[in-house]
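Student: I have a new structure to read. Can we go through it by asking how each label is earned?
Tutor: Good plan. Here it is.

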Amino acid sequence: MASSVQNSRISSPGYCACCRTCNMWCWKGFKWLPVSFIVSIITWSYYAYVIQLCIFTIQSTVQQWIYLVLYHILLIMFVWSYWKTIFAEIEPIPEKYKLPEAELEKMLSAESEDSQRTILENFAKDLPIVTRTMSGSIRYCNRCVLVKPDRAHHCSICARCVLKMDHHCPWVNNCVCFHNYKFFMLFLGYALLYCLFVMATCLPYFIRLWKGDFGTATSSGRYHIIFAFFVSLMFAISLGSLFGYHCYLVVNNRTTLDMLINNRRLNTHGGSFIRIMLKNLVHEAFRAPMFRGGADKNGFSIGAFKNFKEVFGNSPNLWLVPVFTSLGDGCEYPVRREHQLQTFTSPQDTHGYESMGITRSSVEMARETERWRLCPRKGRTVPQIV
């Protein structure tokens, strides 16, 4: 009896490790289910449209070729964009934002929240960040142990901080962020065109089949055509609303999570120095990004066309092609004039933004940044630009 208990104790750690490994792989497999569902729908729609509609139902050879050529063009661009969105390489946050071991020890040993804020402020004073928490503190991630760049957020599903994170999309099993936002927009656009094209070209034959004029369509083929029409209609409605919403975000240079500002403050209890405060999530869900001068929902908006180019790049020839052309490095962004003296971007570091004409000389920036640092805390916190 004693030996069996001892054996169970010895095997217990290995058993727990095996369970954890099994759970990890099950979770990874589960996250691919939405993608598998989309792939299966695309595969079935190819059979329904190409085989049942174009080959077995349509009589005219010219019409068959026109439909097939247009269909395959849309399908290729749609699948290409979807592939790039899923498998885009999400680069990590640069090392300069990560808290060194010495600074982390200071944070852990700090006796008050103010001391922790001061440590973060001193570390982040030379980093190109302009946004703050609702309480005015540095945006800090205690999981990744780094100062968050502007518009970066921590993804609990990916377990990492992501640059210009919009949201984590289960349909692509990836974060929609700076590195694949253009691909995601093209995916939505081409998917919408794909559904509208299938719906429009299936509609005449759907009406004929609905009236009982089966023509050359087989018994199973007509059900595929009818189902293809309804499925494309359903997806076109949902994709249309989602694509329209993200077009609005692009034009106004916003992200879904730019509106979601989690109020965080420092804490020393239980060895943790960051306590997440989610006070009434419904009220917090649509707050604008917070700058030193206050909240501004249009703080990153620099004009509709410039906002568009920030995502799609300066080359019109590549706007509709799923290749990466977005401007910048994902860490620094142009801001409106009232927030510009908080930026640290120099002309040689604009990463393609110089064509937008909103960055300023390093001498002028250094002078005004120093003026801000010396500005008394009473009254306005940001001096006017003179």
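Tutor: Start with one helix in this predicted model. In α5, the buried residues are Q116, I119, L120, F123 and A124.

Student: What makes the buried residues of α5 line one face of the helix?
Tutor: Look down the axis of α5. Its buried residues fall within an arc of 120°, so they share one face. There is a general reason too. An α-helix has 3.6 residues a turn, so residues three or four places apart point the same way.

Student: How do you know that the span of α5 agrees with its number of residues?
Tutor: Compare two values. Helix α5 covers residues 113-124, and its 12 residues should span 16 Å at 1.5 Å a residue. Its end C-alpha atoms are 16 Å apart, so the two agree.

Student: What span does helix α3 have, and what is expected?
Tutor: Helix α3 has 27 residues, 61-87. It reaches 38 Å from first C-alpha to last, close to the expected 39 Å. Its buried residues include Y67, L68, Y71 and F78.

Student: Which elements do the buried residues of α3 pack against?
Tutor: They pack against α2 (33-55), β7 (174-176) and α6 (181-210).

Student: Why is G221 called buried?
Tutor: The cut-off is under 20% relative accessible area. G221 has 0%, so it is buried. G221 is found in helix α7, residues 219-251. The C-alpha atoms of G221 and L53 are separated by 7.6 Å, yet the two residues are 168 apart along the chain.

Student: How many disulfides are there?
Tutor: Zero, by the rule used here.

Student: How do you know that C155 is not bonded to C175?
Tutor: A disulfide needs two cysteine sulfur atoms within 2.5 Å. C175 holds the closest cysteine sulfur to that of C155, at 3.3 Å, so the pair is too far for a bond.

Student: And what rules out a bond for C54?
Tutor: Its closest cysteine sulfur is in C202, 8.1 Å away, which is too far for a bond. C54 is buried, with a relative accessible area of 0%. C155 is buried as well, at 2%.

Student: What makes β1 and β11 edge strands?
Tutor: Take the sheet first. It is open, has three strands in the order β1-β10-β11, and pairs antiparallel. β1 (131-132) and β11 (294-295) each have a single partner strand, so one side of each is left without a neighbour in the sheet.

Student: Why do β1 and β10 count as paired?
Tutor: Pairing needs at least two bridges. β1 and β10 (residues 290-291) have two bridges, in the antiparallel sense, so they count as paired. R132 has M290 as its bridge partner in β10.

Student: What makes the phi of V145 worth a look?
Tutor: Its phi is positive, about 55°, although V145 is not a glycine. Most residues other than glycine have a negative phi. V145 is found in the loop between β2 (140-141) and β3 (146-147).

Student: Where does R151 lie, and what is its phi?
Tutor: R151 lies in the loop between β3 and β4 (153-155). Its phi is near 70°, again positive in a residue other than glycine. R151 has a relative accessible area of 2%, so it is buried.

Student: How many helices and strands does the protein have, and what share of its residues is buried?
Tutor: The protein has 10 helices and 11 strands. Buried residues make up 46% of its 386 residues.

Terms used
Residues numbered from 1 in each chain as written. Predicted model: local features only at pLDDT ≥ 70, side-chain atom pairs only at ≥ 80, totals over all residues. Heavy atoms only, no water. Helix = DSSP H or I, 4+ residues; strand = E, 2+ residues; numbered from the N terminus. Buried < 20%, exposed > 50% of the residue type's maximum accessible area, 1.4 Å probe, protein only. Expected span 1.5 Å × (residues − 1). Arc of directions from axis to C-beta. Contact = heavy atoms within 4.5 Å.
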